[in-house]
Amino acid sequence: METLTSIVTVINNFVWGPPMLVLILGTGLYLQLRLGLMPLRRIFMGFRMVWKSRQAEAGAKGEITPYAALMTALAATVG
């Protein structure tokens with residue numbers, strides 16, 4: 001059993017070590033460049049739209065505000 005644990009530990013350290021860090025950061029950088037840095041350029045517009053929708057008057061019955069939709073999506077992702 002100790003042999004199996006040591007093998008799994010070695011594989012785990014390799015997979016979640018520097019190679020995975022390089023892949024994650026590399027993928028993020030690649031996507032940022034391919035999208036023309038759009039997530040960085042439009043971040044303030046996104047926040048402005050979310051906060052503006054929080055202060056908007058209540059919509060018709062059954063509608064959900066963009067802020068409520070964002071919070072629901074974040075809660076589902078985190079939870």
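**Exercise 1.** State in what order the elements of the protein chain run from the N terminus on.

*Solution.* Reading from the N terminus, the protein chain follows the order α-α-α-α-α. This agrees with its secondary structure, which comprises five helices and zero strands. The model under study is a predicted one.

**Exercise 2.** Determine what share of the residues counts as buried, and describe the accessible surface of the chain.

*Solution.* A residue is buried when its relative accessible area is under 20%. By this criterion, 4% of the 79 residues of the protein chain are buried. The accessible surface amounts to about 7,300 Å². Carbon and sulfur atoms account for 72% of that surface.

**Exercise 3.** Test whether the span of helix H2 agrees with its number of residues.

*Solution.* Helix H2 covers residues 18-34, that is, 17 residues. The expected span is 1.5 Å times one less than the number of residues. For H2 this gives 24 Å, and the end C-alpha atoms lie 24 Å apart, so the two values agree. As to cover, the count of buried residues in H2 is zero, and the helix is hardly covered.

**Exercise 4.** Examine the residues glycine 36 and leucine 37, and classify the exposure of leucine 37.

*Solution.* Glycine 36 follows H2 and has a positive phi, near 70°. Leucine 37 is not a glycine, yet its phi is also positive, at about 60°. Leucine 37 lies in the loop between H2 and helix H3 (38-41). Its relative accessible area is 38%. Partly exposed residues fall between the limits of 20% and 50%; therefore leucine 37 is partly exposed.

Note on methods: Residues are numbered from 1 along each chain as its sequence is written. This is a predicted model: local features need pLDDT of at least 70, side-chain atom pairs count only at pLDDT 80 or more; totals for chains, interfaces and linings use all residues. Side-chain values use heavy atoms; hydrogens and water are left out. Helices (H or I, at least four residues) and strands (E, at least two) are DSSP runs, numbered from the N terminus. Buried means under 20% relative accessible area, exposed over 50%, partly exposed in between (1.4 Å probe, protein chains only). Accessible areas come from the Shrake-Rupley method with a 1.4 Å probe; for residues, only the protein chains shown count as cover.
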